[in-house]
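Visitor: I am new to this structure. Please pick one small part and look at it closely, and then place it in its surroundings.

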Amino acid sequence: MQRDYLDILWGGLLAAFGLVVAGYAALHYDIGSLRRMGPGFFPVSLGVILAILGGFIAVPAYWRKGDRRPFAWREMLGIVAALLLFAVLMNRIGLVATTAICALVASSVAPGKGIAWRLILALAVTLLTWAIFILALKMTIPVWPWSR
Amino acid sequence: MLTTISRRSLMIAAFGIAAAAAPAMAQDWPSAPLHVYVGFPAGSSPDTIARLIAEPLAESLGQPVVIENKPGAGGVIGVQQMLAQKPDGYSFGVTINGPLTTAQRLIPDLGYDPATDVAPITLIATSPLVLAVAADFPADDVDAFVADAKARPDEISYGSVGKGSGAHLTAELFASDAGIVLFHIPFQSYAEVTTSILSGEIDSGFMAPSAAVPHVEAGTMKMLGITSSEVFPLVPDVPVLAGKAGLPDDFRAELWNAFIAPAGTDPAIIARLNTEIDAILENEDLQGKLLAMGWKTAGGTPEDLAARIETDTALWGAVIDKTEAQN
Amino acid sequence: MTTIEGLAHGLSVALQPSILIYSLFGALLGTFVGVLPGIGAMAAITLLLPITYYISSEAALVMLAGVYYGAQYGGAVASILLRLPGTPQSAVTTLDGYPLAQQGRAGVALFTSMISSFTGSMLGIVVLVVLAGWLAGMATLFGAAEYAAMMIMGLVAASTIGSERPAKNFAMVVVGLILGCVGTDVNSGAQRLTFGQPVLMDGINMVALAMGLFGVAEVITNIPIAERRGPPARVSLRQLVPTRNDIRRMTAAIPRGAALGGFFGALPGTGSTISSFLAYALERRISRTPERFGKGAIEGIAGPEAANNSASITAFVPTLTLGIPGDPIMALMLGALVIHGVQPGPMMLQSRPDMFWGLVASFGIGNIFLLLINLTLIGVWVSILRIPFRWLYPAIIVFVCLGVYSVRGATFDIAMVAGIGAIGYALTLASFSPALLLLGFVLGPLIETNLRRALLISRGDAMVFLERPIACGFVVATAALILLPLVKSLIRSRAPDKSRAD
């Protein structure tokens, strides 16, 4: 029997997220009353509502056929890694080196073999980024590893 | 952030001519661009003040002065970012009073101690707040306002720009000194407070004089008093609150902007900057621009600023104690 | 000065060559930064600030206004072509614009958005000129109770725009509302869900959220499939021109959107977001074929684009007539005025009519520039899609990083994009609507603070929402929005019973 596993999973995740938020907020913030709401009132109620909605998503999906969609693990990890590298490196080694590394990592998950075109692409992206953000928009970010 | 002061700074930054700053030597300082961290977005009043100072400063020092906007947490992020830099004589900050006087009380994980981690350079400008009410509010002066508030405690409401903001603490200081209890409604911006007073939703608010003036001219708002110790040139008709309605003669509550450095910065550099900035603050054109924004230029020695930080920390600390005890 | 005299005078100010040049420059720069993902008007205006200290106040304001509108035109381009919205308003444009682009009709989508933006702005100017005084009064009629009720209505009305399953739509709105709670609670000053991070005290960066949910998620989706689909065929000029059917759909949607935007824009704070979502929901609700929405409906672009441009014109009403900025960009422009000794406020129309009317006229001229610039550029923009995706997306990722960084100079926000992007991809895969999450995120804090403020002011009396006529109107409308579909389905299910009984 086919089930809509994607919706079951997401309904469960959202319900869990809602419960965690509600629990955390209830423990840490004053809920107050309906007349004089405290900072905890909204997060707690929203968390509970989300938990209920998660149930509404997950339960009917149990008896329903869902479509199977491939999850692009490799591509997702590549892009997430590229973004994280950018966040970590930019203020340390400057824009130019960071952009080149980020573009290279991002393009590593692209279809197509070979390293040459990826290097050319990284160089082109770096030049373009420098021209737009430093030359034209004059952003104040370190450009080289030795500048600040 | 997308900011530069001069074309030169751009060229220098772009081509990496400016190598990493060597350990600061007071004699050949400055040999690289100065970075000034501002904890508010571009175009905000602390940012405008920083820019108005940065430009003549770059001229007199012969090096670009780059404004780095690091907005957030009421200016605290800007101070934190400045403190994350080396005290090499090239990292400075322009900040409002909050991050140096009240932040350690209001923010649990501040990560710095204003008394030991920050080196004061000079006080740039101060701004009082006016007590504003809608034009049809019964009281016409502060005595009547206080009498009214005594007659109906906790009924006259006032708006502030958030719990712990200058507007909130000023109002609480005023109320406790005058022996009255006002009802606090927090907002996010002076714009919201203004609209709310005009629509009659709230009764009063302590706000920047420049924000109240247009509505006073239009006849929809009144200013009952001002929190500075002398009459403020932008609103010469508004009486000072000090000494009136049971308030002490030394009643004073002002916001201010200051030029600071990370602790450990070469004292010779601090002294030089103090002289340069004080000279810049003498410029009448600059004074006029600041006054239009509601700021009066100050100046003084680094020790004056240190003393100001200390007195204001004690002043607002006491107010925070009192409001916390009430809740 | 009468309106006609004022306009004539305004035109004479705005048509001075020195002012025209700044208007054109602002429009060009605005379009340019708007097209870059995440970089909005704010960043460009920041760049221009030092210049504004030296030029006349008219020139400064005209230039900044050009940037402001230009960024909106440009933002639509990135949203339609690459699903890279930087604002909630352009997130609405992606809903039907991006599907159109994928069907090879990017030219038509762009054309629709330009024409709707332009017409929306022009209608907004008419509203501004005719109703400025009335709209200014409206801002003071709206208190906390009215705002709370209005935004709850907006949220309920817009919740229908996502997928077929209401539970999924509401869940996204609620997730958005929860994320909106992150940061300093205005009413109590408490730090909520910040986990001791000062960088989160002002909440999650909205641009990071939009870029992650839409742009990054879309890049991940597209890497494995884009090459197989291949680049779209070369676009001929004829394909840029909408069909007669398209034009018919547009002409009805634009005035509706402009009217909505003109009204909501004059309320400080939320105008253009709420009006573009409402315009979309309205078009879908009154359409005879609502199933086309989300798959490339022309009205789904025309209505919201007209609404947000019209709203951003009337947003100047509170800024200029009350001195109350509606958003951070307006606040920046106010700052530029004050530096020149012009104090915007209730007296501005009397004390500086040249300024007011000059600005109104230059809005019009600026929008004409923008229409011309953007219509010329449609061909260029569309050709971006001809670049193979694997050559395109690494640059998109780098641009997203810098765009997000430009908002407040925090690398923390770039790391946030990584996490949000991964979650956004998984959500899109399960056909959740990221636009609703964004709407909940934007409106959530406003609803909460206004609701709690209203109750604080009324000393805990919830009747305030029914006693104040405007608030009551919104409450009734919200109730109707929820109950009508229920009643309808009830009648529909009862009807066959009756016929059987007969």
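Guide: Take C:F195, which counts as exposed because 9 C-beta neighbours lie inside 10 Å, and a residue with 12 or fewer falls in that class. What is described here is a predicted model. C:F195 sits in the loop between strand 2 (191-192) and helix 8 (206-229) of chain C. Its backbone deserves a note: phi is about 50°, a positive value, although C:F195 is not a glycine. Most residues other than glycine have a negative phi, and most peptide bonds are trans.

Two places in chain B can be set beside this one. B:D154 is also not a glycine, and its phi is positive, near 65°. B:D154 lies in the loop between helix 7 (142-151) and strand 6 (157-160) of chain B. It is exposed, because 12 other C-beta atoms are found within 10 Å and the class takes in counts of 12 or fewer. The other place concerns a peptide bond: the one joining B:W29 and B:P30 is cis, with omega at about -5°. B:P30 belongs to the loop between helix 1 (7-15) and strand 1 (34-38) of chain B.

Back in chain C, another loop residue is C:L385, found between helix 16 (353-384) and helix 17 (389-408). C:L385 has 18 C-beta neighbours inside 10 Å and therefore counts as partly exposed. From its C-alpha atom to that of C:A44 there are 25 Å, while 341 residues separate the two along the chain.

Now the chain around C:F195. Chain C is built with 21 helices and two strands. A compact globule of 502 residues would have a radius of gyration near 23 Å, and chain C agrees with this, at 23 Å. Its C-alpha trace spans about 75 × 60 × 55 Å along the principal axes. Of the 502 residues in chain C, 65% are buried. Counting contacts between residues at least 6 apart in sequence, 80% of those in chain C join residues at least 24 apart.

One pair of helices shows such packing in detail. Helix 6 (residues 144-158) and helix 19 (residues 434-457) of chain C have axes that come within 8 Å and cross at roughly 150°. Their crossing is left-handed. On the side of helix 6 of chain C, the residues that meet helix 19 include C:A144, C:Y147, C:M151, C:L155 and C:A158. On the side of helix 19 of chain C, the partners include C:L439, C:L443, C:I447, C:N450, C:R453 and C:I457.

Confidence varies along chain C. The mean pLDDT of chain C is 85, and 94% of its residues reach 70 or more. Helix 9 (residues 237-240) of chain C has the lowest confidence, with a mean of 64, and helix 18 (residues 411-429) of chain C the highest, at 94. Residues 497-502 of chain C stay under 50, and for them the model has zero contacts beyond four places in sequence.

Chain B, where the two comparison sites lie, has 13 helices and 11 strands. For its 327 residues a compact globule would have a radius of gyration near 20 Å, and the 21 Å of chain B agrees with that. The C-alpha trace of chain B spans about 70 × 40 × 30 Å along its principal axes. Buried residues account for 58% of the 327 in chain B. In chain B, 75% of the contacts with a separation of 6 or more are between residues 24 or more positions apart.

Chain A completes this account. Its domain assignment gives domain 1 (5-61) and domain 2 (73-136), and the centres of these two domains of chain A, taken over C-alpha atoms, are 38 Å apart. Chain A touches chain C: 52 residues of chain A are in contact with 45 residues of chain C. Helix 1 (5-28), helix 2 (41-61), helix 3 and helix 4 of chain A each give two or more residues to that side. Helix 3 of chain A gives the largest share, 16 residues. The mean pLDDT of chain A is 90, and 99% of its residues reach 70 or more. Among the elements of chain A, helix 3 (residues 73-107) has the highest mean, 94, and helix 4 (residues 116-136) the lowest, 92. For the complex, the predictor gives an ipTM of 0.92 and a pTM of 0.87.

Methods: Residues numbered from 1 in each chain as written. Chains lettered and ligands numbered in written order. Predicted model: local features only at pLDDT ≥ 70, side-chain atom pairs only at ≥ 80, totals over all residues. Helix = DSSP H or I, 4+ residues; strand = E, 2+ residues; numbered from the N terminus. Rg over C-alpha atoms; globule rule 2.2 N^0.38 Å. Buried ≥ 20, exposed ≤ 12 C-beta atoms within 10 Å, placed from the backbone. Contact = placed C-beta atoms within 7 Å. Domains from an automatic or database assignment. pLDDT = per-residue confidence, 0-100. Axes fitted to C-alpha atoms, helices over the stretch in contact; angles between N-to-C directions. Left-handed = near helix turned anticlockwise from the far one by under 90°.
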